[in-house]
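Colleague: Could you take one part of this model and go through it closely, following how its helices and strands are arranged against one another? I would like a single connected account rather than a list.

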Amino acid sequence: MKKEIIKQAVAPYMQELAGLADQIYDLAEPGLEEVRSSGILTDYLEKKGFQIERGIADLPTAFRAVYEQGNGGPSFGFLAEYDALKGIGHACGHHMQGPSVIGAALALRDLCKDQPYKIVIYGTPAEETVGGKIIMKEKGCFQDIDLALMMHAAPNTCVDVRCMALECFYVTFHGVEAHAAMSPHKGKSAFDAALLSFQGIEFMREHVLEDSRMHYTVLDAGGPSNIVPGTAKAEYTLRSYSTDYLEKVIVPRFQDIIKGACLMTGTTCETERSYPFQAKIPCLTLNDLIMENARKFEAPQLAGPREKTGSTDFGNVMYDVPGCCIRTAFVPEGTAAHSQEYLDAGKTERAHEAIRSGSEILAGTCIDMIERPELLEQIKEEFRKRKQEEIAKI
């Protein structure tokens, strides 16, 4: 479909979409508190004829909105975040995501009236904190889509290739408290156990894949220096660009280190494990299609793909479903996310243009797959092969 036709389909909604983004920006609701932000998006989608489910996956601010035409066609998943950062607000641009994917969905609906397809918009809260998509996936979400698409504001218009799987552990060590001068022999130091675990991780670094990452910090040392601490608490973050390598190699070895630290000090421990972030299974066919549309719509500040990034709950979705996030430029190149510069640009004309650009790119990408069904089959086949290769690495 010609570029101008898609641009004309997005244009009539832009004033409303920019207004939605500005409202969400002003609310600046943090993760799991995005009650009004979520409501703004669902109310608008309901007025536009989407079927709405609110509070899905036992998350009050998560939602699912569906528009379906015919039967048997592709199911396009659009995911949107809308949580702000505590203390600084929308300094990551999440307020733009919902309006942008809604613009893509409405353009797709208005232009493709003869072919069967389904649009599923998932509202995904708390990306910045607990990783809402992880909880949603565990509750059965995202199984009804053929691919997952997102928009994220950025310093460049580009796509990502890989992200890091992440596991976070909180370990509380329990020993025996004693006076450090008068009766240290009666004590068993919980803090010693934590220190030994840190040293064990340092020795492990040489014997894992070089792009692995392991971090730790003391949350509670257990008291002043003249007391053998009876309790101590530490936090550990483990990462790898391979989900399976993290789960099958790094995590078990870390758990053995914790056990060893307890054995060496005569202590015990309790371990709390947070939600695991998985690594994306990249789909370069989809990346290329999206960037082809970015060039077609003359998106600003085009750049090559980000080969390696940090951790995101979108990785958990892309571990099961082919997906991609188009990053659309709205700040100068080199601007850091979670910064004052991001925040200051959040309600500018450039921010509104980034919303429009994301809508056009995602709508164009979906229409390409409707007009050329073999593209979606190629994407699915590449995803299947890459996931097999990922698992075979171990």
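**Helices against the mixed sheet**

Modeller: Helices α2 and α3 are roughly antiparallel to each other, and this follows from their packing angle of about 165°, an angle over 145 degrees being counted as roughly antiparallel. This is a predicted model, and what follows should be read in that light. Helix α2 covers residues 14–27, and its axis lies 9 Å from that of α3, with a crossing that is right-handed. On the α2 side the contact is made by Glu16, Leu17, Leu20, Gln23, Ile24 and Leu27, which meet Arg36, Ser37, Ile40, Leu41 and Tyr44 of α3. Sorted by class, the residues of this contact comprise 7 nonpolar, 2 polar and 2 charged.

Helix α3, which spans residues 35–47, also packs against helix α4, residues 97–111, here at an angle of about 10° and with the axes 11 Å apart. That angle makes α3 roughly parallel to α4, and the crossing of these two helices is again right-handed. From α3 the contact draws on Leu41, Tyr44 and Leu45, while α4 contributes Gly98, Pro99, Ile102 and Leu106. By class there are 6 nonpolar residues and 1 polar residue in the contact of α3 with α4, and no charged ones. Leu41 and Tyr44 of α3 therefore appear in both contacts, the one with α2 and the one with α4.

Beside these helices is an open sheet of 6 strands, ordered β1-β2-β4-β3-β5-β14, in which the pairing is mixed. Strands β1 (51–54) and β14 (323–329) each have a single partner strand, so that one side of each is left without a neighbour in the sheet and they stand at its edges. Averaged over the sheet, and with direction ignored, neighbouring strands are turned by 20° against each other. At the β14 edge, strand β5 (residues 147–154) runs parallel to β14 and is joined to it by 7 bridges; within this pairing, His152 stands opposite Arg327 of β14.

The two helices α3 and α4 can now be placed on this sheet. Helix α3 lies across β1, β2 (63–69) and β4 (117–123), and runs at about 155° to β1. Helix α4 lies across β2, β3 (75–80), β4 and β5, running at about 160° to β3. Strands β2 and β4 are thus among those that α3 lies across, and they are also among those that α4 lies across.

For context, the model contains another sheet, an open one of 4 strands in the order β9-β11-β7-β12, with antiparallel pairing. Its edge strands are β9 (213–220) and β12 (268–273), each of which pairs on one side only. Within it, strand β7 (residues 165–174) and strand β11 (residues 231–240) pair in the antiparallel sense over 10 bridges, and Phe173 has Ala232 of β11 as its bridge partner. Helix α7 (residues 243–265) lies across β7, β11 and β12, running at about 10° to β7.

Note on methods. Residues numbered from 1 in each chain as written. Predicted model: local features only at pLDDT ≥ 70, side-chain atom pairs only at ≥ 80, totals over all residues. Heavy atoms only, no water. Axes fitted to C-alpha atoms, helices over the stretch in contact; angles between N-to-C directions. Parallel < 35°, antiparallel > 145°, perpendicular 65-115°, else oblique. Left-handed = near helix turned anticlockwise from the far one by under 90°. Contact = heavy atoms within 4.5 Å. Nonpolar A, V, L, I, M, F, W, Y, C, P; charged D, E, K, R; others polar. Pairing = 2+ DSSP bridges.
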